[in-house]
Amino acid sequence: MHNAKERGLRASRAAARRKAALEGGVAVKPKPFKVLVAIHRPKFRTRMLRALSMFHWEVRSLLNKEDPIGILNQHETNILVLSDDFGRNRELGFFKAAQRFRPQGVYIIGVFDAEEDAKAAFELYDMALYTPWKSLHATEVLAELYQHIKGEPPVIRNDVLHEELEEQ
């Protein structure tokens, strides 16, 4: 009985906080900008994660056995970074399945082996990277897409920027 009473009290306090937030009494924390990375090759996945480390975004990198479409169903995501050879992807199946999330505001960055592959699937993504690409290219693409979505340039993490300058 004690646990049920405690849960009830927590639920009522949470409801009161939500009500106060709706009435303007409490500042609501903005939603984090979320990126889902589904890249098969470790070399390319590492480049993308290095590019994403420049920003204060919430990033989730999937393993090859995880399903990016299932994750999109469960969690709100702003950008999906998807390689053409991820997991059990056949004939760009994940790209085609992700199209239903585009009206909800999900933008897709395609990672391809060759420029010809990217051109063949141009209607399935918003921006593309194809070899040879570096993390700097990915950073530029991500910043451009963020600016398109939010209407302002992304904030770059100072600690990462200082590390980059010290290495040079």
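## The nonpolar cores

Start in the middle of this predicted model. Its largest nonpolar core has 24 residues, and V35, M48, W57, I79, V81, I109 and L142 are the ones that touch the most other members. Several elements give two or more residues to this core: strand 1, helix 2, strand 3, strand 4, strand 5 and helix 6 (135-150). Helix 6 hands over the largest share, six residues.

Let's zoom in on V81. If you skip its neighbours within four places in sequence, V81 is in contact with V35, L36, V37, A38, I39, M48, I109 and V111. There's also another core, lying apart from the largest one. That other core has 20 residues, including F95, A98, I108 and A121.

## The sheet and a helix across it

Now for the strands. Five of them form an open sheet, and if you walk across it you meet them in the order 2-1-3-4-5, with parallel pairing. At the edges sit strand 2 (58-61) and strand 5 (127-130), each pairing on one side only. On average, neighbouring strands here are turned by 15 degrees against each other, direction ignored.

Take one pair as an example: strand 4 (residues 107-112) pairs with strand 5 in the parallel sense, over four bridges. Want a residue to look for? V111 has L129 in strand 5 as its bridge partner.

Helix 2 (residues 42-52) lies across strand 1, strand 2, strand 3 and strand 5. Against strand 1, helix 2 runs at about 170 degrees.

## Salt bridges: a link between distant parts

Time to look at charges. Side chains of opposite charge can pair when their charged atoms come close. How many salt bridges does the structure hold? There are seven.

One of them joins the side chains of E76 and K31, at 3.6 Å from N to O. This pair links distant parts of the chain, 45 residues apart. E76 is in the loop between helix 3 (68-74) and strand 3 (79-83), while K31 is in the loop between helix 1 (2-23) and strand 1 (34-38).

Is K31 buried or exposed? Its relative accessible area is 62%, and the cut-off for exposed is over 50%, so K31 counts as exposed. E76 is exposed as well. You can also check K31 against E58, which is 27 residues away along the chain: their C-alpha atoms are separated by 10.0 Å.

## More charged partners

Helix 5 (residues 115-120) has a salt bridge of its own, with K119 and E115 both in this helix. The two are four residues apart, about one turn of the helix, and their closest N and O atoms are 3.3 Å apart. K119 counts as exposed because its relative accessibility is 55%. E115 has a relative accessible area of 32%, so E115 is partly exposed.

Next up are E66 and R60, which form a salt bridge with their closest N and O atoms 2.8 Å apart. Why does E66 count as partly exposed? Because its relative accessibility is 24%, and partly exposed covers the range between under 20% and over 50%. R60 is partly exposed too, with a relative accessible area of 34%.

Finally, look for a trio: R41, D85 and D113 are linked in a network of salt bridges.

Definitions and conventions:
Residues numbered from 1 in each chain as written. Predicted model: local features only at pLDDT ≥ 70, side-chain atom pairs only at ≥ 80, totals over all residues. Heavy atoms only, no water. Salt bridge = Lys/Arg side-chain N within 4 Å of Asp/Glu carboxyl O. Buried < 20%, exposed > 50% of the residue type's maximum accessible area, 1.4 Å probe, protein only. Pairing = 2+ DSSP bridges. Axes fitted to C-alpha atoms, helices over the stretch in contact; angles between N-to-C directions. Contact = heavy atoms within 4.5 Å. Core = buried A, V, L, I, M, F, W, Y, C linked by side-chain atoms within 4.5 Å.
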